[in-house]
Amino acid sequence: MATSTTPRGGLPLAATLLTGTIALYMALVAFGNITDFGTNQQFVRHVLAMDTTFKDEDLMWRAITSEGLQDAAYVAIIAWETVAALVLIYGTWLWARRDAVRARRMSTYGLLMVMLLFGAGFIAIGGEWFSMWQSKNWNGLDAATRIFLFSGVVLIVNQLSAPRTETSAT
């Protein structure tokens, strides 16, 4: 006897919970950066100024020492985190409502935003361009790598949960 409600499978449930986890993380990160603005502001300032790196003269021309530019970069990061959190919260809500097609789309957008921030922003630009890897005190590469990889796993779970007909149609 068939029922009119399709039971929630393991992958959609995993996509819901994992997307919600990243949404919660990003919301807490954005909230923390807004309510404790100064802590990570110092982090961004030190990374951009490259003042705790090896100070190789071949690299130091990359340093941004203007506090106005440093603060603008930090505010842009917070805005990006906030939007990513909101997109992921909406994606989680859509998963919970079993609107898988829209949930997958919104979750993909949000997860890609997180991966761009942590991968391109923190790992590539902060880590390599501004040589954050050289700093003992202001090195966020381990944390950025964790979030980048976790978001990638969640993105894969989101994509795996698509039925065959949906993946061939999109």
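**Helical fold and nonpolar cores of the predicted model**

Of the 170 residues of the protein, 38% count as buried (under 20% relative accessible area with a 1.4 Å probe, protein chains only). The model is predicted, so that local features need pLDDT of at least 70 and side-chain atom pairs count only at pLDDT 80 or more, whereas totals for chains, interfaces and linings use all residues. Residues are numbered from 1 along each chain as its sequence is written, and side-chain values use heavy atoms, with hydrogens and water left out.

The protein contains 6 helices and 0 strands, taken as DSSP runs (H or I, at least four residues, for helices; E, at least two, for strands) and numbered from the N terminus. The C-alpha trace spans about 75 × 30 × 25 Å along its principal axes. Among contacts (heavy atoms within 4.5 Å) with a separation of 6 or more, 74% are accounted for by residues 24 or more positions apart.

The largest nonpolar core (buried Ala, Val, Leu, Ile, Met, Phe, Trp, Tyr and Cys residues joined through side-chain atoms within 4.5 Å) has 28 residues, and those with the most contacts inside it are Ile22, Met26, Leu88, Leu111, Val114 and Phe118. At least two residues of this core are supplied by each of α1 (10-35), α2 (37-49), α3 (67-96), α4 (100-129) and α5 (141-160). Helix α3 gives the largest share, 7 residues. Apart from this core lies another, of 5 residues, including Leu94, Trp95, Ala103 and Val157.

Not counting residues up to four places away in sequence, Met26 touches Glu81, Ala84, Ala85, Leu88, Val114, Leu117 and Phe118.

Key:
Buried < 20%, exposed > 50% of the residue type's maximum accessible area, 1.4 Å probe, protein only.
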